[in-house]
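Good morning, colleagues. I should like to take you through one structure today, going from a single turn outwards to the core and then to the contact between chains.

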Amino acid sequence: MARTAPLARLDRRALESPAADPLILRELPFRTRFLVRGPAAELAVAAAAAGLALPERVGDRTAGGTRRALRLGPDRLVILDEPGSETALGAVLEAALVDRPAAWVDLTEAMTTLRLEGPDAAARATLAEGCPLDLHPSAFPTGTVAASLYGRIPVWLEAVEGGAGRLVVELQVDRSLAEQTLRHLALAAREHGLVLPD
Amino acid sequence: MSQPFRLATGGRIDRARPIAFRLDGRSLQGFAGDTLASALLANGIRLVARSFKRHRPRGICSCGPEEPNALLGVERGPGRFDPNSRATLVELVPGLAATSQNRWPSLRHDLGAIMDRAHAFLPAGFYYKTFFRPQGVWERLFEPAIRRMAGLGRAPDRPDPDRYLHRHAHCDLLVVGGGPAGLFAALLAGRAGARVLLCDEQPEPGGGLALAGGRAPGLDGGPAAAWLARILGELARLPEVTLLTRTTAQALHPSRHALLLERVADHRLEPDPRLPRERLWKVRPRAVLLATGRIERPLLFPDNDRPGIFLAGAARAYLARFAVPVGREVVVATTDDLAYAAALELAAAGVRVHAIVDPRPEPGPLARLAEAAGLPVLSGWTVTGSDGRLGLAAARLAPVGPDLRPIAARERTVPCDALLVSGGWTPSVHLLAQAGGRLAWEPECAAFLPAAAPERVAVAGAAAGAGTLAEALAQAAGAVAALLQELGAARPHEPAPAVDEPARAPSLPPWALEAVWRRDPTAAFVDLQNDVTAADLELALREGFHAVEHVKRYTTVGMATDQGKTLGPTALALVAAGTGRDPAELAPTTFRPPWTPLGFGALAGVARGDLFRPIRRTPLHEWAEARGAVFEDVGNWKRPTAFPGPGESLARAAARECRAVRTGVGVADASTLGKIDVQGPDALTFLERIYTVDLAGLAVGRCRYGLVLADDGTLLDDGVVSRLGPCHFQLSTTTGGAARTHAWLERWAQTEWPELRVWITPVTERWAVLAVQGPKARQLLRRAVSDVDLAARAFPHMAWRDARVGSVPVRLFRVSFTGELGFELNVPSSHAADVAETLFRLGPDLQPTPYGLEAMHVLRLEKGYILVGHETDGSITPLDLGLGRLLSTRKGFLGRRSLLLPEHRRPDRPRLVGLLPLDRERVPPPGGQLVADGKDPPSGPSLGHVTSSARSPALDRAIALALVRGDLAEPGRRLRVAAADSEPIPVEIAAPCFLDPEGARLRG
């Protein structure tokens, strides 16, 4: 059956602003997303079942195949996968964690992903308009993840890719709050230039 | 257009770019690089305002944020209007239109000036003494009249078209102030590799050094300008140093959280619509260096407020930066050496200096330089008054005796168009005090200086009392080294540059010349903006206000928008002297943020209009919209009120929707109800403590309605607990209570019972919820849902089952908030619209009817189901609501012990009842107060209030729920509901359930 993306209704053109090398902001809907809670040993079991290593430190991530593991807290791990994988990944976690002192929740449908990419300085400045974390490249290098805020909206941040003066950041946000976050990002990005491809 | 007071050369303005602007409709011209103040002065305009209370003529007197007089309304285009803008900080842009304030009909002819002659009748606090009776007249007459006479500009009346942003920033070192000390400190820290943020409120860095002219100190063997250029060049090359100009440090909170206001757009000659107007920086630095400089003090003498009286340092700045001599015939009155530099620079620019008066018998070497340059230096003299009507025409000068008393017999009147005054300097310690630093009176500087600073906050330069540039730079170097060491960074070893500057003799504070202002205390102003004079201070002291804070509030000294930046210390010293104390015994009044006024736009940031708060829409929003829903706000959510057809009113639509649910099947969007996932080996233990009902016996696959109480026993929220697995539950909450209940659970799990292995995750947005309710609900669902047996025996009331709609996995809860057979179909959010359409497509013969909140409220009211926030208000317990059956006696739960208190069991506690109006058509208003039955007009104590009411289509009459005094709550008793605009409504108490009390329909 047909799926509807949370921000499908949004008028994107009105939020754009011209520039030679603008920032690019798009929604990546339907990403498979599980939250695992529990002691580090249980998080490691969950990660291993998904074919991933447990990120050692809070704020780190690991990747393998199409999956990524984001360590958002001492007892908080997020496992991401391509859209459409929730049944498979759910079964894997169910099998691994059954009767273990841990929790897992499928949040695939609860949130959506906003992907911001462009010149490194502009992308970081745009994020800093709403996020209170230290986003300097030395404090928030590529690969860093965090549970934080954009404006007053809780978001999960991930510096996905970087290098050569460019940055790709993803913000995962509750679906009904995604429009507020996207509009705020667009206001913040206006001075750097922004396009929102369909 | 000529600018009579503009020199042909010099200054840092662009003469090739003339800029047209207006003052009160009059066309004027300045240059790119001007401020509004410098452009007005270049045009010879002195009179720019009328004073707050006495409507005295006032002019520009400073060149910076301390300006008390030159407050103007500034318009930069439609909707872009700011009242009370300090002309000294407004940069000139094409089309700028300034208007003077507090005058009528014009600045030159202000009828309000009568107030100045009436000042004897308008002392401090006059309105408290004069207008307190007759009662009521104050609000209607006196206050509006006084507000019209006194006051500042008018608030803008149009929406602000500009955008404002808030930026978070982090750094190792925040340097506040871009004067020589701040720049040097930033350079040293930057060279050491630190991340440095430096802010300065002026358009160009350099501080006093950039504003001094030919007599600026030399640095490193060359001119100051060359040194500045070198430092700025190197700072620009350091990648981790950020220099923000036009950026005012408004607040430094304890723990070093700093708020900086950057003026991004106002000064741009070519506007860039992509830029925000202002940006509020929220900085969390690891260390802070305050190099905030100092503010010059005016002298205190009768008529010290005339347009044409300038701070000497401001006169230097207007000449150096804007090539504007503030006068042609100048007198200088000072008790400090630096005013001699002003005189020398003005004289070098061709201005006639008629006299330099200085009561000190032995001024410093600069005075001898002035003498050598042929300027008339009168040591042992001072200014005793001024003459003029709308501006300065002459200064009165007199020699002083050894006791600093002026010798009246020898007073001279010297015609002049500008009087430069300097009474020494006040270090700017505001931010340090805001951050929790301690200040101490330093007699040598006659000022409060930093005595103790919070952790990793330091003060250097003039703000720390440095009297010379060499001292300021040495302080900056020392402070940076110490701060970097505290941060564990490399410690820079850099010698301060050699400074070539004259020695300075100690200055004399303005209040030392008491005999001068005593000649007419009613015209010796200690607060130019609030029109407070020395006489007002004396009055306050006479009336027994001795504490500085009391004097401040009684006289309003220092309470204007400039917060007494220029004369504040003088006022404090007068209070000290008047009460026979040393200023060291007094504390300065509290320095509070912000340092200068800032607009609401900057504070609001993006939080306005659509972004004021999030607008949350459910996954079924477009589906409901397409079916004609009218929406209302519930918390941040948009929810359908009803689905009126063409020409149908909301009330008729809701009644139709109610009938559909009672007789057929209705479908509502219940997605906003909170859903919380609770898992873990101790999940059951945890929830048993939270919920009032027994959950231990709840089988997997079953649901139970329960209450959550606050620890005082009042109802916090209600909802359904569903057992998904042995260690896995899902809770439902009210829409508005979702976040509150989640926080409540986390609080107990995290802070009180950390030993419980339980994890709580809000999953509200994971599922969209279609409430399918009515006698035909099962029939409809059978057509859409597979993999589940919907028969009553297999799927009883208060149970849940997994199922499918096509290929979509869904979860069905058999629950009802309508009293009918009902299911709540939980659909993965992205499939919701599609599944809803499927339901309607498959059941046209059953006529499924979308229903909204209004119908939902009527349906639950008919059943007497409570709605948290309607039947509860934070003071209501389950006992009040008649829900004692939901209180487990088998276990403990939060709030249980409180319910045992006698207070909660008093017979006159409120009690939930039903109300049947005797007139079937009169719906008692919710919130209506219950009064005793009878014929008299309603009076006496309230016996309770209506909590919900409606006209019930099923009963064909008005019904209501109410909280009534418990001892009166027996069925059949008659009461009345007082209505605001009609006769009281007679009602009869009934059981709080009007329909199917046995629940047969529910279990069908």
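Let us begin at one pair of residues: Glu442(B) stands opposite Ala447(B), which belongs to strand 26 of chain B. Please keep in mind throughout that this is a predicted model. The two strands concerned are strand 25, residues 438-442, and strand 26, residues 447-452, both of chain B, and they pair in the antiparallel sense over five bridges. Together strand 25 and strand 26 of chain B form a hairpin, with four residues between them. Within that turn, Ala446(B) has a positive phi of about 50 degrees.

I turn now to helix 12 of chain B, which covers residues 469-486. This helix has 18 residues, and from its first C-alpha to its last it reaches 26 Å, close to the 26 Å expected at 1.5 Å a residue. Beyond helix 12 of chain B comes Gly488(B), with a positive phi near 75 degrees.

Which residues of helix 12 of chain B are buried? They are Leu469(B), Ala472(B), Leu473(B), Gln475(B), Ala476(B), Ala477(B), Ala479(B), Val480(B), Leu483(B) and Leu484(B). The elements of chain B that cover these buried residues include strand 8 (164-176), helix 5 (180-191), strand 14 (278-290), strand 27 (457-459) and strand 28 (499-500).

This leads to the nonpolar core. The largest such core has 358 residues, and those with the most contacts inside it are Ala185(B) and Leu289(B). Helix 12 of chain B supplies the largest share of this core, nine residues. Leaving aside residues up to four places away in sequence, Leu289(B) touches Leu173(B), Val175(B), Ala185(B), Ala458(B), Ala460(B), Ala479(B), Val480(B) and Leu483(B). Three of the names in that list, Ala479(B), Val480(B) and Leu483(B), have already appeared among the buried residues of helix 12 of chain B.

Next, some backbone details. A cis peptide bond joins Trp104(B) and Pro105(B), with omega about 5 degrees. Pro105(B) sits in the loop between strand 7 (97-99) and helix 2 (114-117) of chain B. The bond from Pro593(B) to Pro594(B) is also cis, and its omega is near -5 degrees. The location of Pro594(B) is the loop between helix 16 (568-578) and helix 17 (600-604) of chain B.

Two residues that are not glycines deserve mention for a positive phi: for Asp787(B) the angle is about 65 degrees, and for Met798(B) it is about 60 degrees. Asp787(B) is found in the loop between strand 40 (785-786) and strand 41 (799-805) of chain B, and Met798(B) lies in the loop between strand 40 and strand 41 of chain B as well. Are they buried or exposed? Asp787(B) counts as exposed because it has 11 C-beta neighbours inside 10 Å. Met798(B), with 17 other C-beta atoms within 10 Å, is partly exposed.

Finally, the contact between the chains. Here 35 residues of chain A are in contact with 38 residues of chain B. On the chain A side, the elements that give two or more residues are strand 2 (32-37), strand 6 (103-106) and helix 4 (178-189). Helix 4 of chain A gives the most, with five residues. By class, this side of chain A has 16 nonpolar, eight polar and 11 charged residues.

Thank you; I shall be glad to take questions.

How values were computed: Residues numbered from 1 in each chain as written. Chains lettered and ligands numbered in written order. Predicted model: local features only at pLDDT ≥ 70, side-chain atom pairs only at ≥ 80, totals over all residues. Contact = placed C-beta atoms within 7 Å. Nonpolar A, V, L, I, M, F, W, Y, C, P; charged D, E, K, R; others polar. Buried ≥ 20, exposed ≤ 12 C-beta atoms within 10 Å, placed from the backbone. Core = buried A, V, L, I, M, F, W, Y, C linked by C-beta atoms within 7 Å. Pairing = 2+ DSSP bridges. Expected span 1.5 Å × (residues − 1).
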